[in-house]
Structures are given as C-alpha cells and as structure tokens.
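This report describes the fold of one protein chain, beginning inside its sheet and working outward to the whole chain. The sequence and the structure are shown first.

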Amino acid sequence: MATDRYVILDRDGVINRDSTEFIKSADEWQAIEGSLEAIAHLTRHQYRVIIITNQSGLARGLLTQTALQNIHEKMIHQVEQAGGMIHAIYFCPHGPNDGCLCRKPKSGLFKQCAQDHEFDLTGVPMIGDSVRDLQAAISVHGQPVLVKTGKNEKIPAQLQKYSIPTYQNLYEASCSIVKTSHVP
C-alpha cells in the first residue's frame with residue numbers, strides 16, 4: 001500500500017513571478033520558467049502538491065476573492081496542461097498587522113492542511129522564497145527549502161543551524177526531492 005507523500009509550496013516567487021505591486025489578476029499571473037514542469041515532475045513521482053500562500057492583497061483591497069479564484073484557476077489549468085496536479089490551495093487573506101494565526105511565518109494554515117489531509121508535517125518538504133516561508137516550515141518540523149526565484153533572501157544566521165537546502169528554482173528543488181525520496 002502506497003503512503004501519500006506531500007510537498008508544500010509557496011506560490012508567489014516559487015511558482016509564479018512575484019511583484020511588489022501584488023499579483024491582482026489572472027493576466028498578471030505568469031509562471032516562472034520550469035515551475036509547471038517541476039509540479040508535473042513531483043506529480044509523476046506520486047507527491048501531492050499543496051500550495052500555502054499569504055495573499056494580503058485581499059486585506060489591502062487590491063484584489064477580490066473572485067480575482068484570486070481566477071488566478072488559482074489559471075495556475076491549476078496550466079499545471080494540469082503540463083501534466084501535474086495541485087492537490088489543494090490554502091491562503092491567508094489577512095494583512096501583516098491583522099494578528100491572525102494563518103499568515104506565514106505562523107503555522108495555522110500548515111496545521112489546518114495537515115488536519116484536513118490527515119498527515120504528519122514532520123520532514124515534509126516546504127519550498128519557499130522568503131525567510132517567513134522557512135520559519136513556518138521550521139515551526140511545524142517540516143523540511144524548509146529555499147529557491148532563489150523570488151525574494152532571493154539569504155538564510156539569516158539564526159536559521160543556518162537547520163541545514164536549509166537552497167536551489168536556483170523549483171525544478172531544481174523538485175529533482176532533488178524526488179532523487180532523495182528513494183522511491184521510483
């Protein structure tokens with residue numbers, strides 16, 4: 001009997017190009033080269049790909065729930081056309097000062113995801129482009145992974161003890177995850 005394997009991805013800066021102006025429409029959402037193929041690669045190797053993303057543009061009034069849904073539908077469609085599958089998407093709609101428990105680096109969405117899908121977060125690869133993504137992964141005992149396609153932040157000294165692998169992009173990270181999983 002196969003055991004479900006999961007990979008959790010941040011969205012902006014990992015799958016699609018990030019913007020300081022926020023991604024506000026499906027037209028603005030543009031996949032990073034190789035990211036769709038990376039998700040397809042993970043899918044072919046029986047990983048369930050879950051997206052966990054902060055979307056404070058909602059709280060700031062920069063986009064609507066409908067616009068966010070359209071963005072996610074475009075992403076899902078392009079991933080499926082590449083041969084991949086996104087198992088679920090979780091997003092925090094709050095702003096940085098709202099005091100919620102779901103905005104990364106807090107762990108609320110990760111815990112909700114694990115509860116919904118009945119799996120243990122320990123050791124699950126969690127790929128992001130920012131320090132807050134890494135902090136969230138560490139807080140739930142996941143395996144933080146940094147990609148350089150987004151914010152291109154450096155790992156701060158206080159996180160260096162966690163041996164965080166760093167890759168140029170999501171495709172490179174996905175190849176490493178598949179290679180180290182020891183499952184065909």
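## A bridge between two strands

In this predicted model, Ile-127 has Val-145 of strand β5 as its bridge partner, and Ile-127 is also the bridge partner, in β4, of Leu-9. The first of these pairs belongs to a set of four bridges that join β4 to β5 (residues 143-147), the two strands running parallel. On the side of strand β1 (residues 5-9), the pairing with β4 is again in the parallel sense and extends over two bridges.

Strand β4 itself spans residues 125-128 and is covered on both faces, since Pro-125 and Ile-127 on one side are buried, as are Met-126 and Gly-128 on the other. Together with helix α4 (residues 131-139), β4 and β5 form a β-α-β unit that is right-handed.

## The sheet and its edges

The strands discussed so far belong to an open sheet of six strands with parallel pairing, arranged in the order β3-β2-β1-β4-β5-β6. Its edge strands, each of which pairs on one side only, are β3 (86-92) and β6 (166-167).

At the β3 edge, strand β2 (residues 47-54) is joined to β3 by six bridges, and these two strands run parallel; within this pairing, Val-49 stands opposite Ile-86 of β3. Helix α2 (residues 65-81) packs on the sheet with contacts to β2 and β3, and its direction makes about 155° with that of β3. Helix α4 likewise packs on the sheet, where it touches β2, β4 and β5, and the angle between its direction and that of β5 is about 165°.

## The chain as a whole

Taken together, the protein contains five helices and six strands, which follow one another along the sequence in the pattern β-α-β-α-β-α-β-α-β-β-α. The protein is as compact as a globular protein of its length, because its radius of gyration of 15 Å is close to the 16 Å that the globule rule gives for 184 residues. Its C-alpha atoms fill a box of roughly 45 × 40 × 30 Å along the principal axes.

Of the 184 residues in the protein, 49% are buried. Where contacts link residues at least 6 apart in sequence, 61% of them join residues at least 24 apart. The protein exposes about 9,300 Å² in total, and carbon and sulfur atoms supply 49% of that area.

Key
Residues numbered from 1 in each chain as written. Predicted model: local features only at pLDDT ≥ 70, side-chain atom pairs only at ≥ 80, totals over all residues. Heavy atoms only, no water. Buried < 20%, exposed > 50% of the residue type's maximum accessible area, 1.4 Å probe, protein only. Pairing = 2+ DSSP bridges. Right-handed = clockwise from strand over helix to strand, strands pointing away. Contact = heavy atoms within 4.5 Å. Axes fitted to C-alpha atoms, helices over the stretch in contact; angles between N-to-C directions. Rg over C-alpha atoms; globule rule 2.2 N^0.38 Å. Areas by Shrake-Rupley, 256 points an atom, 1.4 Å probe, with all protein chains shown as cover.
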